[in-house]
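Let's take a walk through this structure together, one feature at a time. Please have the model open and ready to rotate.

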Amino acid sequence: MGVAGLSQQRRICYRRTDSTFRDADAVKSERLDPTENAPTDVRVVRELGKGRAATARLVDAAFRDGSTVRCVEKVFCPGRLTRAIYRIFFFAPFAYQFNRDAIMACFYRRRVAAEILQRAGVDVDVAAPLYVRFDAAAPGWVLAAEHVDGRGVRPTGLGEATGEIDQLVSVMHRAKDALVQAGLTGSGWQVDPRAMVSTANLLRRGQRYTIIDLESGIPAILVPKYWLLAAGQRTWPPFDDLDAGQLRSSRLAGQADVDALMDHTARWKTCEPAPLRLDSWRRLVARTRRHLSRTARATWHLLTRRRYQTYVGLRYIRRSIRRWESEQRIGSDEASDLVGQVDANEVATYARGMALHLAIKACSPWVVPAKYGGVAAAVVTGNAWFLLPWLLLPLARAVATLSNWLACGRGIRHTEALLWGCLPTVGSLAFPVQIFIRRPALAHFLIRDFASRIGRRLPIYGGKDSRTEMMLIRWSDHILVAMAWVFQTDVSQQGDADHGATVGLSQSDPVALEHTTKRAA
């Protein structure tokens, strides 16, 4: 797991001149080497999350002196899109994965940034780096930092004018200004609120925020300010760059860390470009074939097996509730109340319909090209028949809703789901809207969760705890208020309700299993 285990094939060697780093080599022996403090054994506790460039995992690291430290390891092994973007801009493999100088710059950058923020009086901490090692199994370099037991930003509550996101944005502006003025322009991009996903780089611990991610995944090309900074420093495209002159003039106490940061950054930048690393087409085709096979089998089961439909629908709802509870977005009492409503008989029926709509949505990758290709063909030829692909998914949802309605009988209403499912794009919300008529609180949660999922999966600007996710959740609240006015339903209060029959093997006999429970106040 140490640096010695890095094979010659994994090492990336570049040209450099001795005169460029003569002064740095003279003081190199006096610096702290993060790789010398690497642990002898690492035990993974759990995976904390996976971003565009790295995977964060909680580990117990055992060192040579017998001590054990629980920390967070950031394993740099990016996906294809991140690697492709980096190659396009720099004609090199992703630096933090294979370049030793780049990962060493990450270590010292965190130490320098922490001192800059402390000196500027900004109420923000930086997760302290602990060590650097190479993981041959990944493969890629690993940066370890202290474990921050915090949480992400909470969504603004219904009816609240401001929330935690507004306070966080204000704190991030101060941190960004302090870092940019001190010379860490690339680090300023990581906490700049104008980068929509940057709010996920901080966790709240008590009344303070801590930066847990100071390493970029893509070049800072989404905010024009950093174009100008990079152009002025002749480092375009910008990627975790620094202004060496401004950093020297800051006169920080940890001058050894500043020198090490500038030295490793200079070595890293002059090392690029590097030879391209191409993936094996055979493995890519095999992985794609296995993925398509699993998707087709699951879709077929969703379309043909009623018990599997019920299982998938209820699992989807329960997992969403558990996720919001684990992220401290809802309390345990509210989560228990929502789980209790899931056991209602009509909710099980609607969950089965929701699973059918999820199976139809799985066909989107094949239908979307036909939809937009049809628009182009209709514009060119003037023939409206090319727009028929836009009706495929709405018609499929209508058929699925009707079949689910006929299977359960007329006792459970499906009118709203049938009408809503005919809408393009948002038709997948048909059964959450139907649940809104009977179970407003549960439907309120499902629609907010749907908005959260869209905000997390949007390319570039989306992500967990991003401003995009918070914005979509807030928009969904406005939609819910409008729906409550249309259907004359109160989403904030709900009286005692009959939760119906518990879902089980004998669901076909709801009278025998019917029971009444009281909702939590």
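Helices here are DSSP runs of H or I with at least four residues, and they are numbered from the N terminus. With that in hand, Val379 can be placed in helix α14, which covers residues 364-381. Keep in mind as we go that this is a predicted model.

Val379 is a good place to begin on the surface. Its relative accessible area is 67%, and because exposed means over 50%, Val379 counts as exposed. Together with Val375, Val380 and Leu387, Val379 makes a nonpolar surface patch of about 360 Å².

Another surface patch has a charged character. Arg80, Arg287, Arg290, Arg294 and Arg297 gather there in a patch of positive charge. Which helix gives the largest share of the positive patch? That is helix α10, residues 281-304, with 4 residues. Arg80, for its part, sits in helix α2, which runs over residues 80-90. Arg80 has 43% relative accessibility and is therefore partly exposed.

Helix α2 also leads us to the aromatic side chains, since Phe90 lies in that helix. The structure has 17 aromatic pairs. In one of them, Phe90 meets Phe239 edge-to-face, with 5.9 Å from centre to centre and 70° between the planes. Phe239 belongs to the loop between α7 (224-233) and α8 (244-249), so this pair ties helix α2 to a part of the chain 149 residues away in sequence. Are these two rings buried or exposed? Both Phe90 and Phe239 are buried.

Phe239 has a further ring partner in Tyr96. Here the ring centres are 5.8 Å apart and the planes stand at 45°, so the pair is tilted. Tyr96 comes from helix α3 (residues 95-98), and 143 residues separate it from Phe239 in the α7-α8 loop. Tyr96 has a relative accessible area of 0% and is buried, while Phe239 is at 1% relative accessibility and counts as buried too. If you look around these rings, you will find one aromatic cluster formed by Phe76, Tyr86, Phe90, Phe94, Tyr96, Phe239 and Trp268.

Now let's turn to the salt bridges. A search of the whole structure finds 28 of them. Among them, Arg110 and Glu215 meet through their side chains at 3.0 Å, N to O. Arg110 is in helix α4 (residues 100-120) and Glu215 in the loop between β8 (208-211) and α7, so the bridge ties together parts that are 105 residues apart in sequence. What is the relative accessible area of Arg110? The value is 3%, so Arg110 is buried. Glu215 likewise has a relative accessible area of 3% and is buried.

Asp123 and Arg208 form another salt bridge, with an N to O distance of 2.1 Å. This pair links the loop between α4 and β4 (124-126), where Asp123 sits, to Arg208 in strand β8, 85 residues apart. Asp123 is partly exposed at 33% relative accessibility, and Arg208 is partly exposed at 32%.

A further bridge joins Glu164 to Arg151, with the closest N and O atoms 2.7 Å apart. Glu164 is in helix α5 (residues 164-182) and Arg151 is in the loop between β6 and α5, 13 residues apart. Both of these residues are buried. Elsewhere, salt bridges that share partners join Glu327, Arg329, Arg456, Lys464, Asp465 and Glu469 into one network.

Asp465 deserves a second look for its backbone. Its phi is near 65°, a positive value in a residue other than glycine. Asp465 lies in the loop between α18 and α19, and at 4% relative accessibility it counts as buried. The loop between α18 (440-457) and α19 (467-487) also holds Ile460, which has a positive phi of about 65° although it is not a glycine. Ile460 is at 43% relative accessibility, so it counts as partly exposed.

One more backbone feature rounds off the tour. The peptide bond from Ala138 to Pro139 is cis, with omega near -15°. You will find Pro139 in the loop between β5 (129-135) and β6 (140-146).

Methods
Residues numbered from 1 in each chain as written. Predicted model: local features only at pLDDT ≥ 70, side-chain atom pairs only at ≥ 80, totals over all residues. Heavy atoms only, no water. Patch = residues over 30% accessible without salt bridge, like charges linked within 9 Å, V, L, I, M, F, W, Y side chains within 5 Å. Areas by Shrake-Rupley, 256 points an atom, 1.4 Å probe, with all protein chains shown as cover. Salt bridge = Lys/Arg side-chain N within 4 Å of Asp/Glu carboxyl O. Lys, Arg positive; Asp, Glu negative; His and termini not counted. Charge placed at Lys NZ, Arg CZ, Asp CG, Glu CD. Helix = DSSP H or I, 4+ residues; strand = E, 2+ residues; numbered from the N terminus. Buried < 20%, exposed > 50% of the residue type's maximum accessible area, 1.4 Å probe, protein only. Phe/Tyr/Trp six-rings, centres within 6.5 Å; stacked < 30°, edge-to-face > 60°.
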